[in-house]
Amino acid sequence: MIQGFGGIFWRTKDLEAIKKWYSEVLQLEIGDWNGTVIQPQSGNETILSFFTENDNYFPTEQQVMLNFQVDDLNETLKHLEQIGVPLTKQQEESEYGKFIWIEDPDGRLIELWEK
């Protein structure tokens, strides 16, 4: 029945700052309508995973965590270093891939994943 995610929507206190941050840091082209369309490339996956209220994988006060799949985590790290975006947690590697975490201006933890 489900073919994919239709979108992710949330509120922010400073729309212009959030648009600028996501545009510069994650290189998403944010349109005049305050959003972007991400078209998956072959091999990309979208994961839907549930966590208990007290799971500490991401902050318990944060109801949702965004995970963006990246092509090359090393290139992503170089980009983040060049523009001064610190990692929230150090890189981890598992059977699922490589992961790093950053925070957006609203304090949302964001996971970047190389499969």
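Glu 92 faces Phe 99 of strand 3 across the sheet pairing in this predicted model. The two strands around that pair are strand 2 (residues 89–94) and strand 3 (residues 97–103), which run antiparallel and are joined by four bridges. Two residues separate strand 2 from strand 3, and together the strands make a hairpin.

Let's follow strand 3 to its next partner. Strand 3 pairs with strand 4 in the antiparallel sense, here over six bridges. One of the facing pairs is Lys 98 with Glu 114 of strand 4. These two strands also form a hairpin, with five residues between them, and Gly 107 in the turn takes a positive phi of about 85°. Strand 4 has a parallel partner as well: strand 1, to which four bridges join it. Within that pairing, Leu 66 has Ile 110 of strand 4 as its bridge partner.

Here are the strand pairings side by side.

| Strands | Sense | Bridges |
|---|---|---|
| Strand 2 and strand 3 | antiparallel | four |
| Strand 3 and strand 4 | antiparallel | six |
| Strand 1 and strand 4 | parallel | four |

Put together, the four strands make an open sheet of mixed pairing, in the order 1-4-3-2. Which strands stand at the edges? Strand 1 and strand 2 do, each with a single partner strand, so one side of each has no neighbour in the sheet. From one strand to the next, the twist averages 25°. As for strand 3, five of its seven residues are buried, so this strand is largely enclosed by the rest of the structure.

Now to the helices. Helix 1 lies across strand 1, strand 3 and strand 4, and runs at about 150° to strand 3. Helix 2 lies across strand 2, strand 3 and strand 4, and its angle to strand 3 is about 20°.

Helix 2 is worth a closer look. Its buried residues are Leu 73, Thr 76, Leu 77, His 79 and Leu 80. Why are they on the same side of helix 2? They cover an arc of only 160° around the axis, which puts them there. The partners that these buried residues pack against are helix 1, strand 2, strand 3 and strand 4. Glu 81 and Gln 82 are exposed, and they sit on the face of helix 2 turned away from its buried side.

Both ends of helix 2 have something to show. At the start, Asp 72 brings a side-chain oxygen to within 3.0 Å of the backbone nitrogen of Asn 74. The side chain of Asp 72 also reaches the backbone nitrogen of Glu 75, at 3.1 Å. Asp 72 itself belongs to the loop between strand 1 and helix 2. Is Asp 72 buried or partly exposed? With a relative accessible area of 31%, Asp 72 is partly exposed. Its C-alpha atom is separated by 8.9 Å from that of Trp 113, a residue 41 places away along the chain. Just after the other end of helix 2, Gly 84 has a positive phi of about 80°.

Finally, the nonpolar interior. The largest nonpolar core has 17 residues, and those touching the most other members are Tyr 22, Leu 26, Phe 68, Ile 102 and Leu 112. Two or more residues come from each of helix 1 (15–25), strand 1 (66–69), helix 2 (73–82), strand 3 and strand 4 (109–114). Which element gives this core its largest share? Helix 1 does, with four residues. There is also a second, separate core of six residues, among them Phe 58, Met 65, Phe 99 and Trp 101. Phe 99 is the residue that stands opposite Glu 92, where this report began.

Phe 68, a member of the largest core, gives a good view of its surroundings. Beyond its neighbours within four places in sequence, Phe 68 is in contact with Tyr 22, Leu 26, Leu 28, Ile 38, Ile 110, Glu 111, Leu 112 and Trp 113. Of these contacts, Tyr 22, Leu 26 and Leu 112 are named, like Phe 68, among the residues touching the most other members of the core.

Terms used: Residues numbered from 1 in each chain as written. Predicted model: local features only at pLDDT ≥ 70, side-chain atom pairs only at ≥ 80, totals over all residues. Heavy atoms only, no water. Pairing = 2+ DSSP bridges. Core = buried A, V, L, I, M, F, W, Y, C linked by side-chain atoms within 4.5 Å. Buried < 20%, exposed > 50% of the residue type's maximum accessible area, 1.4 Å probe, protein only. Contact = heavy atoms within 4.5 Å. Axes fitted to C-alpha atoms, helices over the stretch in contact; angles between N-to-C directions. Arc of directions from axis to C-beta. Polar contact = N/O pair within 3.5 Å; in protein donor to acceptor, adjacent residues only side chain to side chain.
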